[in-house]
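The following exercises concern a single protein chain. Each consists of a task and a solution that goes step by step.

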Amino acid sequence: MIAKLSDYIDNNLDEAMYMTVKNHASTCPQCTIFLKMLQRTIDLCKYLETRPLSESFSQKLSKKSWKTL
Ligand SMILES: [Zn+2]
């Protein structure tokens, strides 16, 4: 089941499988802990990834404001 948890976090499961994993995780302490760890790792990755992204986003914003001027 743990193998399915990363797919669950990534939203790579169909609805039936998603619900199966969700129901299992709510009753399985091991998977709950694993999910929390996984989510924390992903949040950290997202945080690190958004730093260069937010830079290009502000660049886009400044370009846009140039057009509107
Ligand atoms: Zn489990």
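Helices, at least four residues long, and strands, at least two, are taken as DSSP runs and are numbered from the N terminus. Leu 13 lies in the loop between α1 and α2 on this basis. The model is a predicted one.

**Exercise 1. Chain layout and confidence**

Determine how many helices and strands the protein chain has, and which element has the lowest mean pLDDT.

Solution.
1. The protein chain contains three helices and zero strands. Read from the N terminus, the order of elements is α-α-α.
2. For the protein chain, the mean pLDDT is 83, and 75% of the residues reach 70 or more.
3. Among the elements, helix α3, residues 29–68, has the lowest mean pLDDT, at 78, while α2 has the highest, at 95.
4. A general caution applies: where pLDDT is low, predicted coordinates should not be read in detail.

**Exercise 2. Packing of α1 and α2**

Describe the geometry with which α1 and α2 pack, and state which residues make the contact.

Solution.
1. The axes of α1 and α2 are 10 Å apart and form an angle of about 120 degrees.
2. The two helices cross in a left-handed manner.
3. From α1, the contact is made by Lys 4, Leu 5 and Tyr 8; from α2, by Met 17, Tyr 18 and Val 21.
4. Sorted by class, this contact has five nonpolar residues, no polar residues and one charged residue.

**Exercise 3. The nonpolar core**

Identify the residues of the largest nonpolar core and examine the surroundings of Ala 25.

Solution.
1. Of the 69 residues of the protein chain, 7% count as buried.
2. The largest nonpolar core has five residues, namely Leu 5, Tyr 8, Val 21, Ala 25 and Leu 35. The elements giving two or more residues to this core are α1 (2–9) and α2 (15–27).
3. Ala 25 is found in helix α2. Burial requires 20 or more other C-beta atoms within 10 Å; Ala 25 is buried because it has 21.
4. Neighbours within four places in sequence aside, Ala 25 is in contact with Cys 31, Thr 32 and Leu 35. The C-alpha atoms of Ala 25 and Leu 35 are separated by 8.0 Å, the two residues being 10 apart along the chain.
5. With the same exclusion of sequence neighbours, Leu 35 is in contact with Leu 5, Ile 9 and Ala 25.

**Exercise 4. Two loop residues and one helix residue**

Establish whether Asn 11, Leu 13 and Lys 36 are buried, partly exposed or exposed.

Solution.
1. Asn 11 lies in the loop between α1 and α2. Asn 11 counts as exposed because it has 7 C-beta neighbours inside 10 Å, and the cut-off for exposure is 12 or fewer.
2. Asn 11 has a positive phi of about 60 degrees, although it is not a glycine. In general, most residues other than glycine have a negative phi.
3. Leu 13 also lies in the loop between α1 and α2. Leu 13 is partly exposed, since 17 other C-beta atoms are within 10 Å.
4. Not counting residues up to four places away in sequence, Leu 13 touches Lys 4, Asp 7, Tyr 8, Tyr 18 and Val 21.
5. Lys 36 lies in helix α3. Lys 36 is exposed, as 11 other C-beta atoms are within 10 Å.
6. The C-alpha atoms of Lys 36 and Ile 9, which are 27 residues apart along the chain, are separated by 10.0 Å.

Definitions and conventions: Residues are numbered from 1 along each chain as its sequence is written. This is a predicted model: local features need pLDDT of at least 70, side-chain atom pairs count only at pLDDT 80 or more; totals for chains, interfaces and linings use all residues. A nonpolar core is a set of buried Ala, Val, Leu, Ile, Met, Phe, Trp, Tyr and Cys residues joined through C-beta atoms within 7 Å. Two residues are in contact if their C-beta atoms, placed from the backbone, lie within 7 Å. Axes are lines fitted to C-alpha atoms, for helices over the stretch in contact, and angles run from 0 to 180 degrees between N-to-C directions. A crossing is left-handed if the near helix is turned anticlockwise from the far one by less than a right angle, and right-handed if clockwise. Ala, Val, Leu, Ile, Met, Phe, Trp, Tyr, Cys and Pro count as nonpolar, Asp, Glu, Lys and Arg as charged, and the others, Gly among them, as polar. pLDDT is the predictor's confidence in each residue, from 0 to 100.
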